[in-house]
Amino acid sequence: MDNKEVVVVVDFGGQYNQLIARRVRENHVYCEVYPYHKAVSKIKELQPQGIIFTGGPASVYEEKAPKIEEKVFQLGIPVLGLCYGMQFMAQTLGGEVEQADMREFGKTAISVDTASPLFKGLQEQETVWMSHTDYVAKIPADFEIIAHTENCPVAAMQNKAKKLYAMQYHPEVLHTEHGKEMLHNFLFEVCGCTGSWTMANYAKTAINTIRKTIGNGKVVLALSGGVDSSVAAALISKAVGSQLTCIFVDHGLLRKNEGDEVEAAFQNSGMKFVRVDASDRFLGKLKGVSEPERKRKIIGEEFIRVFEEEGRKIGTVDYLAQGTIYPDVIESGAGDAAVIKSHHNVGGLPAVVDFKGLIEPLRNLFKDEVRELGAELGLPEYLVWRQPFPGPGLAIRVMGEITTDKLAVLRDADAIFREEIANAGLNRSINQYFAVLTSNRTVGVMGDFRTYDYTLALRGVTTTDFMTADWARIPYDVLDKISSRIVNEVDHINRIVYDITSKPPATIEWE
Ligand code: XMP
(Lines give C-alpha, C1' and ligand atoms only; values in the text may rest on other atoms or scores of the structure.)
Protein backbone atom coordinates (compact mmCIF):
# COMPACT_ATOMS: atom_id res chain seq x y z
CA MET A 1 0.00 0.00 0.00
CA ASP A 2 1.38 3.36 -0.93
CA ASN A 3 0.49 5.30 2.19
CA LYS A 4 2.54 8.42 2.58
CA GLU A 5 2.23 8.28 6.34
CA VAL A 6 2.53 5.28 8.57
CA VAL A 7 3.17 4.70 12.24
CA VAL A 8 4.44 1.39 13.58
CA VAL A 9 3.12 0.05 16.87
CA VAL A 10 5.60 -2.30 18.48
CA ASP A 11 3.74 -4.92 20.50
CA PHE A 12 5.39 -5.93 23.76
CA GLY A 13 2.47 -8.15 24.70
CA GLY A 14 0.16 -5.49 26.08
CA GLN A 15 -3.55 -6.06 26.21
CA TYR A 16 -4.23 -2.74 24.47
CA ASN A 17 -2.09 -3.23 21.35
CA GLN A 18 -5.04 -3.15 18.95
CA LEU A 19 -6.63 -0.29 20.80
CA ILE A 20 -3.55 1.87 20.34
CA ALA A 21 -3.62 1.15 16.63
CA ARG A 22 -7.30 2.10 16.48
CA ARG A 23 -6.61 5.35 18.29
CA VAL A 24 -3.85 6.25 15.85
CA ARG A 25 -6.09 5.50 12.90
CA GLU A 26 -8.86 7.62 14.36
CA ASN A 27 -6.50 10.49 13.69
CA HIS A 28 -6.44 9.51 10.00
CA VAL A 29 -2.89 8.26 10.35
CA TYR A 30 -2.39 4.76 9.02
CA CYS A 31 -0.65 2.37 11.38
CA GLU A 32 0.40 -1.25 11.64
CA VAL A 33 1.12 -3.46 14.65
CA TYR A 34 4.16 -5.77 14.77
CA PRO A 35 5.43 -8.05 17.50
CA TYR A 36 8.64 -6.69 19.05
CA HIS A 37 10.87 -9.36 17.50
CA LYS A 38 9.82 -8.47 13.96
CA ALA A 39 9.58 -4.75 14.43
CA VAL A 40 13.04 -3.52 13.47
CA SER A 41 13.06 -5.02 9.99
CA LYS A 42 9.56 -3.65 9.40
CA ILE A 43 10.61 -0.22 10.59
CA LYS A 44 13.52 -0.25 8.16
CA GLU A 45 11.24 -1.28 5.35
CA LEU A 46 8.39 1.11 6.07
CA GLN A 47 10.35 4.17 7.25
CA PRO A 48 7.47 5.25 9.48
CA GLN A 49 6.81 8.77 10.70
CA GLY A 50 6.67 7.49 14.27
CA ILE A 51 6.97 4.43 16.48
CA ILE A 52 4.86 3.56 19.51
CA PHE A 53 5.88 0.92 22.06
CA THR A 54 2.94 -0.74 23.81
CA GLY A 55 2.81 -1.81 27.42
CA GLY A 56 3.29 -5.43 28.40
CA PRO A 57 3.18 -7.73 31.41
CA ALA A 58 6.95 -8.28 31.77
CA SER A 59 9.49 -6.44 33.94
CA VAL A 60 12.42 -4.99 32.02
CA TYR A 61 14.96 -6.43 34.46
CA GLU A 62 13.75 -10.03 33.96
CA GLU A 63 16.02 -12.13 31.85
CA LYS A 64 13.34 -13.04 29.33
CA ALA A 65 11.88 -9.56 29.07
CA PRO A 66 11.00 -8.65 25.46
CA LYS A 67 13.48 -6.29 23.86
CA ILE A 68 14.14 -4.63 20.57
CA GLU A 69 17.49 -3.53 19.28
CA GLU A 70 18.80 -0.31 20.77
CA LYS A 71 19.41 1.19 17.35
CA VAL A 72 15.69 1.85 17.09
CA PHE A 73 16.40 4.97 19.19
CA GLN A 74 19.07 6.18 16.79
CA LEU A 75 17.10 6.20 13.58
CA GLY A 76 15.86 9.75 14.04
CA ILE A 77 12.28 8.47 14.04
CA PRO A 78 10.16 9.73 16.96
CA VAL A 79 9.35 7.09 19.56
CA LEU A 80 6.57 7.08 22.14
CA GLY A 81 6.94 4.46 24.88
CA LEU A 82 3.87 3.51 26.92
CA CYS A 83 4.11 1.71 30.31
CA TYR A 84 6.44 -1.24 29.68
CA GLY A 85 7.50 0.63 26.55
CA MET A 86 8.55 3.57 28.71
CA GLN A 87 10.44 1.36 31.15
CA PHE A 88 12.20 -0.36 28.28
CA MET A 89 13.22 3.00 26.82
CA ALA A 90 14.44 4.27 30.19
CA GLN A 91 16.49 1.21 31.01
CA THR A 92 17.99 0.82 27.55
CA LEU A 93 19.15 4.44 27.44
CA GLY A 94 20.82 4.38 30.85
CA GLY A 95 18.03 5.10 33.32
CA GLU A 96 16.85 2.85 36.14
CA VAL A 97 13.65 0.91 36.61
CA GLU A 98 12.55 -0.39 40.00
CA GLN A 99 9.70 -2.28 41.49
CA ALA A 100 7.36 -0.14 43.58
CA ASP A 101 6.08 -1.37 46.95
CA MET A 102 2.56 -1.08 45.72
CA ARG A 103 0.88 -1.29 42.38
CA GLU A 104 -0.50 2.03 41.16
CA PHE A 105 -3.79 1.22 39.53
CA GLY A 106 -6.78 3.22 38.33
CA LYS A 107 -7.66 6.82 37.64
CA THR A 108 -4.91 9.06 38.93
CA ALA A 109 -4.38 12.81 39.11
CA ILE A 110 -1.27 13.90 37.29
CA SER A 111 0.65 17.17 36.95
CA VAL A 112 1.96 17.79 33.45
CA ASP A 113 4.38 20.24 31.90
CA THR A 114 2.27 22.00 29.28
CA ALA A 115 5.39 23.31 27.56
CA SER A 116 6.05 19.77 26.28
CA PRO A 117 4.72 19.16 22.74
CA LEU A 118 3.02 16.06 24.14
CA PHE A 119 0.81 18.13 26.43
CA LYS A 120 0.16 21.10 24.19
CA GLY A 121 -3.25 22.60 24.85
CA LEU A 122 -3.85 20.56 28.03
CA GLN A 123 -4.34 21.60 31.66
CA GLU A 124 -1.56 21.40 34.23
CA GLN A 125 -3.67 18.90 36.16
CA GLU A 126 -4.99 15.93 34.21
CA THR A 127 -6.59 12.56 34.98
CA VAL A 128 -4.94 9.44 33.57
CA TRP A 129 -5.29 5.67 33.81
CA MET A 130 -2.39 4.05 35.63
CA SER A 131 -1.65 0.34 35.82
CA HIS A 132 1.89 -0.53 36.84
CA THR A 133 4.12 -1.91 39.56
CA ASP A 134 7.53 -1.08 38.10
CA TYR A 135 8.43 2.57 37.65
CA VAL A 136 11.26 4.66 36.27
CA ALA A 137 13.35 5.59 39.30
CA LYS A 138 16.00 7.46 37.34
CA ILE A 139 15.63 8.94 33.88
CA PRO A 140 18.39 8.57 31.28
CA ALA A 141 20.81 11.47 30.78
CA ASP A 142 19.46 14.15 28.41
CA PHE A 143 15.88 13.32 29.37
CA GLU A 144 13.59 15.51 31.42
CA ILE A 145 10.56 14.70 33.52
CA ILE A 146 7.38 16.17 32.02
CA ALA A 147 4.74 14.67 34.33
CA HIS A 148 4.46 13.19 37.82
CA THR A 149 1.79 11.90 40.19
CA GLU A 150 1.80 11.72 43.96
CA ASN A 151 3.27 8.20 43.90
CA CYS A 152 5.08 8.18 40.61
CA PRO A 153 8.01 10.61 40.23
CA VAL A 154 8.30 10.02 36.49
CA ALA A 155 4.85 9.70 34.94
CA ALA A 156 6.15 11.00 31.61
CA MET A 157 9.56 11.95 30.22
CA GLN A 158 11.06 13.36 27.05
CA ASN A 159 14.22 13.95 25.12
CA LYS A 160 12.94 16.66 22.86
CA ALA A 161 16.01 16.87 20.64
CA LYS A 162 15.95 13.16 19.87
CA LYS A 163 12.13 13.09 19.73
CA LEU A 164 11.88 10.36 22.34
CA TYR A 165 8.80 10.49 24.58
CA ALA A 166 7.29 8.17 27.13
CA MET A 167 4.28 7.89 29.42
CA GLN A 168 3.82 5.56 32.36
CA TYR A 169 0.01 5.54 31.96
CA HIS A 170 -2.35 4.47 29.17
CA PRO A 171 -3.41 7.35 26.91
CA GLU A 172 -5.31 4.89 24.69
CA VAL A 173 -8.03 4.02 27.23
CA LEU A 174 -10.93 6.37 27.69
CA HIS A 175 -10.30 6.74 31.43
CA THR A 176 -7.36 8.95 30.52
CA GLU A 177 -9.51 11.98 29.94
CA HIS A 178 -7.34 13.71 27.37
CA GLY A 179 -5.52 10.61 26.13
CA LYS A 180 -6.76 11.27 22.61
CA GLU A 181 -5.24 14.72 22.64
CA MET A 182 -1.93 13.34 23.95
CA LEU A 183 -1.73 10.80 21.13
CA HIS A 184 -2.81 13.43 18.65
CA ASN A 185 -0.01 15.67 19.89
CA PHE A 186 2.54 12.90 19.46
CA LEU A 187 1.38 12.19 15.92
CA PHE A 188 1.01 15.76 14.72
CA GLU A 189 3.29 17.90 16.90
CA VAL A 190 6.15 15.42 17.24
CA CYS A 191 5.97 13.13 14.20
CA GLY A 192 4.68 15.81 11.84
CA CYS A 193 1.85 13.67 10.47
CA THR A 194 -0.84 15.40 8.46
CA GLY A 195 -3.69 12.88 8.86
CA SER A 196 -4.33 12.14 5.19
CA TRP A 197 -5.52 8.55 5.63
CA THR A 198 -9.23 8.24 4.83
CA MET A 199 -11.48 5.43 3.68
CA ALA A 200 -12.00 7.17 0.36
CA ASN A 201 -8.22 7.12 -0.18
CA TYR A 202 -7.99 3.57 1.07
CA ALA A 203 -10.65 2.48 -1.42
CA LYS A 204 -8.91 4.25 -4.31
CA THR A 205 -5.52 2.74 -3.51
CA ALA A 206 -6.95 -0.73 -2.87
CA ILE A 207 -8.89 -0.71 -6.15
CA ASN A 208 -5.75 0.21 -8.09
CA THR A 209 -3.68 -2.45 -6.35
CA ILE A 210 -6.31 -5.13 -6.94
CA ARG A 211 -6.54 -4.17 -10.62
CA LYS A 212 -2.78 -4.43 -11.03
CA THR A 213 -2.57 -7.76 -9.23
CA ILE A 214 -5.43 -9.46 -11.03
CA GLY A 215 -4.79 -8.17 -14.54
CA ASN A 216 -7.06 -10.17 -16.84
CA GLY A 217 -7.38 -13.06 -14.41
CA LYS A 218 -10.49 -14.53 -12.85
CA VAL A 219 -11.34 -14.26 -9.16
CA VAL A 220 -13.80 -16.14 -6.99
CA LEU A 221 -15.03 -15.11 -3.59
CA ALA A 222 -17.09 -17.07 -1.10
CA LEU A 223 -19.81 -14.66 -0.12
CA SER A 224 -21.63 -15.24 3.14
CA GLY A 225 -23.61 -12.02 3.18
CA GLY A 226 -21.70 -10.96 6.30
CA VAL A 227 -20.05 -7.56 6.49
CA ASP A 228 -16.51 -8.63 5.64
CA SER A 229 -17.17 -10.76 2.60
CA SER A 230 -19.74 -8.26 1.29
CA VAL A 231 -17.34 -5.33 1.53
CA ALA A 232 -14.53 -7.38 -0.03
CA ALA A 233 -16.89 -8.29 -2.89
CA ALA A 234 -17.90 -4.67 -3.47
CA LEU A 235 -14.29 -3.52 -3.50
CA ILE A 236 -13.04 -6.20 -5.88
CA SER A 237 -16.02 -5.73 -8.12
CA LYS A 238 -15.21 -2.02 -8.43
CA ALA A 239 -11.70 -3.03 -9.45
CA VAL A 240 -12.31 -5.84 -11.94
CA GLY A 241 -16.08 -5.98 -12.52
CA SER A 242 -17.23 -9.21 -14.13
CA GLN A 243 -13.89 -10.95 -13.68
CA LEU A 244 -15.15 -11.56 -10.15
CA THR A 245 -17.63 -14.33 -9.39
CA CYS A 246 -19.20 -14.47 -5.95
CA ILE A 247 -20.35 -17.86 -4.82
CA PHE A 248 -22.97 -17.80 -2.13
CA VAL A 249 -23.41 -21.23 -0.61
CA ASP A 250 -26.83 -21.44 1.00
CA HIS A 251 -26.36 -24.29 3.47
CA GLY A 252 -29.94 -24.18 4.66
CA LEU A 253 -28.83 -22.94 8.06
CA LEU A 254 -29.44 -19.25 7.52
CA ARG A 255 -31.86 -17.05 9.41
CA LYS A 256 -35.35 -16.23 8.19
CA ASN A 257 -35.32 -14.71 4.67
CA GLU A 258 -31.55 -14.30 4.84
CA GLY A 259 -30.71 -16.15 1.65
CA ASP A 260 -33.17 -14.06 -0.36
CA GLU A 261 -31.91 -10.86 1.20
CA VAL A 262 -28.31 -11.61 0.27
CA GLU A 263 -29.36 -12.55 -3.22
CA ALA A 264 -31.40 -9.36 -3.60
CA ALA A 265 -28.48 -7.24 -2.44
CA PHE A 266 -25.99 -8.73 -4.87
CA GLN A 267 -27.90 -9.98 -7.86
CA ASN A 268 -28.10 -6.69 -9.70
CA SER A 269 -24.83 -5.32 -8.45
CA GLY A 270 -22.90 -5.83 -11.67
CA MET A 271 -20.84 -8.74 -10.39
CA LYS A 272 -21.44 -12.35 -11.25
CA PHE A 273 -23.38 -13.87 -8.42
CA VAL A 274 -24.08 -17.57 -8.01
CA ARG A 275 -26.39 -18.84 -5.29
CA VAL A 276 -26.00 -22.51 -4.62
CA ASP A 277 -28.88 -24.12 -2.80
CA ALA A 278 -27.13 -26.89 -0.94
CA SER A 279 -29.46 -27.24 2.03
CA ASP A 280 -30.36 -30.87 1.31
CA ARG A 281 -26.71 -31.83 1.17
CA PHE A 282 -25.88 -30.14 4.44
CA LEU A 283 -28.94 -31.35 6.31
CA GLY A 284 -28.35 -34.86 4.98
CA LYS A 285 -24.82 -34.89 6.35
CA LEU A 286 -25.97 -33.49 9.68
CA LYS A 287 -28.73 -36.05 10.19
CA GLY A 288 -28.43 -37.73 13.56
CA VAL A 289 -25.44 -35.62 14.60
CA SER A 290 -25.76 -33.78 17.89
CA GLU A 291 -22.20 -33.18 19.08
CA PRO A 292 -21.24 -29.51 18.49
CA GLU A 293 -17.69 -30.06 17.25
CA ARG A 294 -18.87 -32.77 14.85
CA LYS A 295 -21.48 -30.41 13.45
CA ARG A 296 -18.88 -27.70 12.91
CA LYS A 297 -16.46 -30.07 11.20
CA ILE A 298 -19.12 -31.53 8.90
CA ILE A 299 -20.30 -28.09 7.84
CA GLY A 300 -16.75 -26.84 7.27
CA GLU A 301 -15.87 -29.82 5.09
CA GLU A 302 -19.09 -29.83 3.12
CA PHE A 303 -18.74 -26.13 2.52
CA ILE A 304 -15.36 -26.64 0.93
CA ARG A 305 -16.69 -29.42 -1.24
CA VAL A 306 -19.60 -27.35 -2.56
CA PHE A 307 -17.38 -24.38 -3.15
CA GLU A 308 -14.86 -26.50 -5.01
CA GLU A 309 -17.52 -27.97 -7.29
CA GLU A 310 -18.88 -24.54 -8.13
CA GLY A 311 -15.39 -23.19 -8.68
CA ARG A 312 -14.73 -25.92 -11.23
CA LYS A 313 -17.81 -24.89 -13.19
CA ILE A 314 -16.29 -21.46 -13.72
CA GLY A 315 -13.21 -23.01 -15.31
CA THR A 316 -9.73 -21.86 -14.52
CA VAL A 317 -9.68 -19.50 -11.61
CA ASP A 318 -6.59 -17.41 -10.90
CA TYR A 319 -7.35 -15.86 -7.55
CA LEU A 320 -9.30 -16.66 -4.44
CA ALA A 321 -10.55 -13.61 -2.57
CA GLN A 322 -11.23 -13.56 1.16
CA GLY A 323 -12.59 -11.06 3.64
CA THR A 324 -9.83 -11.58 6.24
CA ILE A 325 -9.60 -8.56 8.54
CA TYR A 326 -6.80 -7.11 10.66
CA PRO A 327 -7.62 -8.64 14.06
CA ASP A 328 -7.37 -12.12 12.43
CA VAL A 329 -3.97 -11.18 11.04
CA ILE A 330 -2.65 -9.86 14.36
CA GLU A 331 -4.06 -12.73 16.37
CA SER A 332 -2.87 -15.48 14.10
CA GLY A 333 0.67 -14.60 15.18
CA ALA A 334 -0.20 -15.18 18.82
CA GLY A 335 0.62 -18.86 19.28
CA ASP A 336 -1.14 -21.96 20.45
CA ALA A 337 -4.28 -20.95 22.26
CA ALA A 338 -6.51 -23.82 23.35
CA VAL A 339 -9.20 -24.73 20.84
CA ILE A 340 -12.50 -23.81 22.44
CA LYS A 341 -14.49 -24.12 19.24
CA SER A 342 -13.22 -24.81 15.76
CA HIS A 343 -14.41 -21.75 13.95
CA HIS A 344 -15.59 -22.25 10.47
CA ASN A 345 -15.25 -19.20 8.31
CA VAL A 346 -16.25 -19.01 4.72
CA GLY A 347 -12.90 -17.30 4.38
CA GLY A 348 -10.89 -20.32 5.48
CA LEU A 349 -10.52 -21.95 2.10
CA PRO A 350 -7.03 -21.52 0.73
CA ALA A 351 -6.04 -25.18 0.79
CA VAL A 352 -9.05 -26.10 -1.28
CA VAL A 353 -8.28 -25.54 -4.89
CA ASP A 354 -5.28 -24.57 -6.89
CA PHE A 355 -5.19 -20.81 -7.12
CA LYS A 356 -2.39 -18.60 -8.28
CA GLY A 357 -2.85 -16.31 -5.34
CA LEU A 358 -4.97 -14.90 -2.59
CA ILE A 359 -6.61 -11.49 -2.62
CA GLU A 360 -7.34 -10.14 0.85
CA PRO A 361 -8.14 -6.47 0.44
CA LEU A 362 -9.34 -5.96 4.03
CA ARG A 363 -6.43 -7.52 5.84
CA ASN A 364 -5.26 -4.16 7.16
CA LEU A 365 -8.63 -2.98 8.44
CA PHE A 366 -10.45 -3.20 11.75
CA LYS A 367 -14.11 -4.14 11.81
CA ASP A 368 -15.45 -0.63 12.15
CA GLU A 369 -13.16 0.52 9.34
CA VAL A 370 -14.59 -2.26 7.18
CA ARG A 371 -18.05 -0.89 7.89
CA GLU A 372 -16.91 2.62 7.01
CA LEU A 373 -15.41 1.34 3.77
CA GLY A 374 -18.66 -0.51 2.99
CA ALA A 375 -20.61 2.71 3.41
CA GLU A 376 -18.04 4.55 1.26
CA LEU A 377 -18.56 1.96 -1.49
CA GLY A 378 -22.31 2.47 -1.34
CA LEU A 379 -23.38 -0.82 0.24
CA PRO A 380 -26.86 -0.69 1.83
CA GLU A 381 -26.92 0.17 5.53
CA TYR A 382 -28.48 -3.14 6.60
CA LEU A 383 -25.51 -5.01 5.12
CA VAL A 384 -22.93 -2.65 6.54
CA TRP A 385 -24.37 -2.80 10.06
CA ARG A 386 -25.08 -6.48 10.13
CA GLN A 387 -24.27 -8.26 13.38
CA PRO A 388 -21.85 -11.18 13.10
CA PHE A 389 -23.34 -14.50 12.10
CA PRO A 390 -21.29 -17.67 12.53
CA GLY A 391 -20.28 -19.72 9.50
CA PRO A 392 -22.12 -22.88 10.74
CA GLY A 393 -25.26 -20.75 11.10
CA LEU A 394 -28.29 -22.04 12.93
CA ALA A 395 -26.70 -25.49 13.23
CA ILE A 396 -25.02 -24.28 16.41
CA ARG A 397 -28.16 -22.56 17.65
CA VAL A 398 -30.34 -25.65 17.49
CA MET A 399 -29.02 -27.70 20.39
CA GLY A 400 -28.51 -31.33 19.65
CA GLU A 401 -29.81 -32.93 16.48
CA ILE A 402 -30.92 -30.60 13.71
CA THR A 403 -34.23 -31.12 11.93
CA THR A 404 -36.06 -28.93 9.43
CA ASP A 405 -38.92 -28.56 11.93
CA LYS A 406 -36.62 -27.31 14.66
CA LEU A 407 -34.93 -24.93 12.23
CA ALA A 408 -38.33 -23.52 11.24
CA VAL A 409 -39.31 -22.94 14.87
CA LEU A 410 -36.00 -21.23 15.61
CA ARG A 411 -36.16 -19.04 12.50
CA ASP A 412 -39.58 -17.68 13.42
CA ALA A 413 -38.67 -17.06 17.05
CA ASP A 414 -35.34 -15.46 16.16
CA ALA A 415 -37.02 -13.16 13.62
CA ILE A 416 -39.44 -11.87 16.27
CA PHE A 417 -36.59 -11.31 18.72
CA ARG A 418 -34.62 -9.33 16.16
CA GLU A 419 -37.65 -7.34 15.07
CA GLU A 420 -38.47 -6.28 18.63
CA ILE A 421 -34.88 -5.36 19.42
CA ALA A 422 -34.89 -3.13 16.35
CA ASN A 423 -38.29 -1.67 17.32
CA ALA A 424 -36.87 -0.79 20.72
CA GLY A 425 -33.95 0.99 19.01
CA LEU A 426 -31.42 -1.37 20.59
CA ASN A 427 -30.01 -2.93 17.42
CA ARG A 428 -26.80 -0.89 17.43
CA SER A 429 -26.12 -0.88 21.16
CA ILE A 430 -26.46 -4.65 21.55
CA ASN A 431 -23.65 -6.02 19.44
CA GLN A 432 -25.03 -9.51 18.88
CA TYR A 433 -28.39 -11.03 19.72
CA PHE A 434 -30.12 -14.21 18.68
CA ALA A 435 -32.37 -17.02 19.81
CA VAL A 436 -31.28 -20.56 20.67
CA LEU A 437 -33.59 -23.56 20.51
CA THR A 438 -32.65 -25.78 23.43
CA SER A 439 -33.36 -29.49 23.41
CA ASN A 440 -35.07 -29.09 26.75
CA ARG A 441 -38.84 -29.63 26.92
CA THR A 442 -41.00 -28.56 29.81
CA VAL A 443 -44.63 -28.67 30.83
CA GLY A 444 -46.78 -25.62 30.27
CA VAL A 445 -50.41 -24.70 30.00
CA MET A 446 -52.07 -22.97 27.07
CA GLY A 447 -55.77 -22.27 27.30
CA ASP A 448 -57.09 -25.32 29.10
CA PHE A 449 -54.49 -27.64 27.73
CA ARG A 450 -51.29 -29.09 28.99
CA THR A 451 -48.32 -28.51 26.67
CA TYR A 452 -44.98 -30.24 26.62
CA ASP A 453 -42.75 -28.15 24.40
CA TYR A 454 -39.35 -26.58 23.85
CA THR A 455 -37.57 -23.97 25.90
CA LEU A 456 -36.18 -21.11 23.84
CA ALA A 457 -33.18 -19.16 25.11
CA LEU A 458 -32.51 -15.56 24.14
CA ARG A 459 -28.95 -14.28 24.04
CA GLY A 460 -27.83 -10.67 23.74
CA VAL A 461 -24.30 -9.37 24.35
CA THR A 462 -22.37 -6.14 24.38
CA THR A 463 -18.77 -6.39 23.31
CA THR A 464 -16.18 -4.68 21.18
CA ASP A 465 -13.94 -7.58 20.27
CA PHE A 466 -16.21 -10.66 20.69
CA MET A 467 -13.41 -12.28 22.70
CA THR A 468 -14.96 -11.10 25.92
CA ALA A 469 -18.57 -10.02 26.25
CA ASP A 470 -21.12 -8.93 28.80
CA TRP A 471 -24.78 -9.95 28.69
CA ALA A 472 -26.93 -7.09 27.46
CA ARG A 473 -29.25 -5.41 29.95
CA ILE A 474 -32.36 -5.55 27.76
CA PRO A 475 -35.18 -3.65 29.53
CA TYR A 476 -37.79 -5.91 31.15
CA ASP A 477 -40.66 -4.46 29.14
CA VAL A 478 -38.85 -5.26 25.88
CA LEU A 479 -38.14 -8.82 27.09
CA ASP A 480 -41.76 -9.11 28.13
CA LYS A 481 -43.03 -8.13 24.71
CA ILE A 482 -40.60 -10.51 22.98
CA SER A 483 -41.60 -13.36 25.26
CA SER A 484 -45.34 -12.99 24.79
CA ARG A 485 -45.04 -12.51 21.04
CA ILE A 486 -42.90 -15.60 20.58
CA VAL A 487 -45.06 -17.85 22.75
CA ASN A 488 -48.20 -16.63 21.01
CA GLU A 489 -46.93 -16.64 17.47
CA VAL A 490 -44.56 -19.60 17.31
CA ASP A 491 -45.79 -23.15 17.85
CA HIS A 492 -43.82 -25.56 20.02
CA ILE A 493 -42.27 -23.02 22.36
CA ASN A 494 -43.87 -22.74 25.79
CA ARG A 495 -41.04 -21.27 27.85
CA ILE A 496 -38.45 -18.55 27.29
CA VAL A 497 -35.30 -17.85 29.27
CA TYR A 498 -32.73 -15.05 28.97
CA ASP A 499 -29.04 -15.92 29.14
CA ILE A 500 -27.35 -13.81 31.83
CA THR A 501 -23.80 -15.14 31.60
CA SER A 502 -20.85 -13.15 30.37
CA LYS A 503 -17.97 -14.45 28.28
CA PRO A 504 -15.94 -15.83 29.96
CA PRO A 505 -17.00 -18.13 31.55
CA ALA A 506 -19.68 -18.77 28.90
CA THR A 507 -19.14 -18.24 25.17
CA ILE A 508 -21.42 -16.12 23.01
CA GLU A 509 -22.85 -19.02 21.00
CA TRP A 510 -24.23 -21.98 22.89
CA GLU A 511 -22.36 -24.60 20.90
P1 XMP B 1 -18.04 -17.61 20.74
O2 XMP B 1 -19.26 -18.46 20.74
O3 XMP B 1 -16.78 -18.35 20.46
O4 XMP B 1 -18.22 -16.60 19.53
O5 XMP B 1 -17.94 -16.75 21.98
C6 XMP B 1 -17.47 -15.44 19.30
C7 XMP B 1 -17.96 -14.79 18.03
O8 XMP B 1 -17.65 -15.62 16.91
C9 XMP B 1 -18.82 -16.02 16.24
N10 XMP B 1 -18.63 -17.42 15.85
C11 XMP B 1 -18.22 -17.79 14.62
N12 XMP B 1 -17.98 -17.06 13.51
N13 XMP B 1 -17.47 -19.03 12.34
C14 XMP B 1 -17.62 -17.69 12.37
O15 XMP B 1 -17.43 -17.04 11.34
C16 XMP B 1 -17.70 -19.83 13.41
O17 XMP B 1 -17.57 -21.05 13.35
C18 XMP B 1 -18.11 -19.18 14.61
N19 XMP B 1 -18.43 -19.61 15.85
C20 XMP B 1 -18.74 -18.51 16.60
C21 XMP B 1 -19.95 -15.82 17.22
O22 XMP B 1 -21.19 -15.63 16.56
C23 XMP B 1 -19.47 -14.61 17.97
O24 XMP B 1 -19.72 -13.43 17.24
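Glu419, Glu420, Lys481, Arg485 and Glu489 are linked in a network of salt bridges. The model is predicted. Side chains of opposite charge can pair when their charged atoms come close. Here the count of salt bridges comes to 34.

Three further pairs show how such contacts are placed. Take Arg25 and Glu369. These two residues form a salt bridge, with the closest N and O atoms 2.6 Å apart. Arg25 lies in helix 1 and Glu369 in helix 11, so the pair ties together parts that are 344 residues apart in sequence. Is this pair buried or exposed? Arg25 has a relative accessible area of 3%, so this residue is buried. Glu369 is also at 3% relative accessibility and therefore counts as buried.

The second pair is Arg275 with Asp250. The closest N and O atoms of this salt bridge are 3.0 Å apart. Arg275 sits in strand 12 (residues 272–277) and Asp250 in strand 11 (residues 244–250), 25 residues apart, and the pair links distant parts of the chain. Asp250 has 9% relative accessibility and so counts as buried. Arg275, at 29%, counts as partly exposed, because that value falls between the 20% and 50% cut-offs.

The third pair stays within one element. Arg312 and Glu308 meet through their side chains in a salt bridge of 3.9 Å, N to O. Both residues belong to helix 9 (residues 292–314). They are four residues apart, about one turn of the helix. Arg312 is at 55% relative accessibility, so this residue counts as exposed.

Now turn to helix 5, residues 199–214. How far should its 16 residues span? At 1.5 Å a residue, the expected value is 22 Å. The end C-alpha atoms are 22 Å apart, so the model agrees with the expected span. Several residues of helix 5 are buried: Met199, Tyr202, Ala203, Thr205, Ala206, Ile207, Ile210 and Ile214. What do these buried residues pack against? Two of the partners are helices, helix 6 (227–240) and helix 11 (367–376). The others are strand 10 (219–222), strand 13 (319–321) and strand 14 (357–359). Helix 11 also holds Glu369, the partner of Arg25. Just after helix 5 comes Gly215, with a positive phi of about 55 degrees.

Next, the second largest pocket. About 400 Å³ of space lies in this pocket. Its lining has 25 residues. Which of them lie nearest the centre? They are Gly56, Pro57, Ser131, His132 and His170. Helix 1 (17–26), helix 3 (84–92), strand 5 (96–112) and strand 6 (125–138) each supply at least two lining residues. Strand 6 gives the most, with five residues. By residue class, the lining divides into 14 polar, eight nonpolar and three charged residues. Helix 1 appears here as a supplier of the lining, and helix 1 is also where Arg25 lies.

Last, a loop. Asp491 lies between helix 14 (476–489) and strand 18 (493–498). At 57% relative accessibility, Asp491 is over the 50% cut-off and so counts as exposed. Where does Asp491 stand relative to Asp113? The two residues are 378 residues apart in sequence. In space, their C-alpha atoms are 68 Å apart.

Terms used:
Residues are numbered from 1 along each chain as its sequence is written. This is a predicted model: local features need pLDDT of at least 70, side-chain atom pairs count only at pLDDT 80 or more; totals for chains, interfaces and linings use all residues. Side-chain values use heavy atoms; hydrogens and water are left out. The expected span of a helix is 1.5 Å times one less than its number of residues. Buried means under 20% relative accessible area, exposed over 50%, partly exposed in between (1.4 Å probe, protein chains only). Contact means heavy atoms within 4.5 Å. On a 1 Å grid over the protein atoms alone, a cavity is a set of points where a 1.4 Å probe fits but cannot get out, and a pocket is an open set with protein on both sides within 12 Å along at least five of seven lines; lining residues have an atom within 4 Å of a point. Grid points are joined across faces, edges and corners, and a volume is the space filled by probe spheres set on the points. Ala, Val, Leu, Ile, Met, Phe, Trp, Tyr, Cys and Pro count as nonpolar, Asp, Glu, Lys and Arg as charged, and the others, Gly among them, as polar. A salt bridge is a side-chain nitrogen of Lys or Arg within 4 Å of a carboxyl oxygen of Asp or Glu.
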